[in-house]
Amino acid sequence: MTGSHCADLARTRMESRHEALRCRPVLWSHVRSPCSAGLFRLLAFIFVLITSLIFIRSYLSLSMKTIRLPRWLGVVKVKCDLSKPCPDNFFAFKILSGAANVVGPSICFEGHMIMSPVKDNVGRGLNIVLVNGTSGQVLRQASFDMYSGDPELLVKFLKAVPEDVLVLVASYDDPGTKMNNELRKLFSNLGSSYVKQLGFRDSWVFLGARDISNKSPFEQYLKNTPDTNKYEGWPELLEMEGCVPRKVF
Ligand SMILES: *[C@@H]1O[C@H](CO)[C@@H](O)[C@H](O)[C@H]1NC(C)=O
């Protein structure tokens, strides 16, 4: 049985099924050599593809590791995005006053944003957070409208501040119009130096406590002065960050 015979058979459309069946092995033997060469090339191609994929993968994961490592070492997540982390037994905080009457203030404590425009819990006037000075637990948060609100609400709030509690304050728009002597005295007792002069549309950020022995080192104040104001009717916003010692008994 020869190939040409089988080719003839194919041409005569395989008159006999029996003959065709007998020819099949020969036909196969004809295609086997080019086919197995193609198969080998295909296998070689797949082999090269897989090895290069493995190589690229290991190279990428290696280079990813070399990128990730310094990033992981260099940029440690600092609580409240402070410029440097606080030591043990200190609480991290960051207080921003509002920008004019446009952007609300924010108060961050120990890595938690307690009040902010995003949380939608800030308001015109004074924004205040009370924190347990021992545990760091947030006890209360509230905003008091100092332009048209009732200052008695703030008087009540401040008089109810327990001992060993931190008081974090951020102004927004106008903290001064409804400010009265009783309130100035209450804030002075928490360690404020500037509340005495706090007035219409001033910027003020402050952290104090009821049992503070001296004036608080955590306070910033900017007077509303038309000549130097950053915004038309308001001074620049204030940003204060720091580490406040945990009250340890
Ligand atoms: C503050 O936390 C401490 C310790 O957890 C607790 O003993 C104290 O009663 C708390 N004070 C207030 C005012 O919540």
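The following exchange asks how some descriptions of this predicted model are justified.

User: What makes β2 and β3 count as paired strands?

Analyst: Two strands pair if at least two bridges are found between them, and 3 bridges join β2 (residues 106-109) to β3, so the pair meets that condition. The two strands run antiparallel, and within this pairing C108 stands opposite M113 in β3.

User: Why are β3 and β9 called the edge strands of the sheet?

Analyst: The open sheet has 4 strands in the order β3-β2-β1-β9, with antiparallel pairing. The strands β3 (112-115) and β9 (239-245) each pair on one side only, and neighbouring strands of this sheet are turned by 20° against each other on average, direction ignored.

User: How do you know that F93 is in contact with C108?

Analyst: Contact requires that the C-beta atoms of two residues, placed from the backbone, lie within 7 Å, and C108 is among the residues that fulfil this for F93 once neighbours within four places in sequence are left aside, as are F109, L168, L207 and V244. In the largest nonpolar core, which has 47 residues, F93 is one of those with the most contacts, together with V167 and L168. Among the elements that each supply at least two residues of this core are β1 (90-96), β2 and β3, while β6 gives the most, with 7 residues.

User: What makes L139, P162 and V165 nonpolar members of the shell around the ligand?

Analyst: Leu, Pro and Val count as nonpolar, and L139, P162 and V165 are around the ligand along with N132, T134 and S135. The shell therefore divides into 3 nonpolar, 3 polar and no charged residues.

Notes. Residues are numbered from 1 along each chain as its sequence is written. This is a predicted model: local features need pLDDT of at least 70, side-chain atom pairs count only at pLDDT 80 or more; totals for chains, interfaces and linings use all residues. Axes are lines fitted to C-alpha atoms, for helices over the stretch in contact, and angles run from 0 to 180 degrees between N-to-C directions. A residue is near a molecule or strand if its C-beta atom, placed from the backbone, lies within 6 Å of it. A nonpolar core is a set of buried Ala, Val, Leu, Ile, Met, Phe, Trp, Tyr and Cys residues joined through C-beta atoms within 7 Å. A residue is buried if 20 or more other C-beta atoms lie within 10 Å of its own, exposed if 12 or fewer, and partly exposed in between; C-beta atoms are placed from the backbone.
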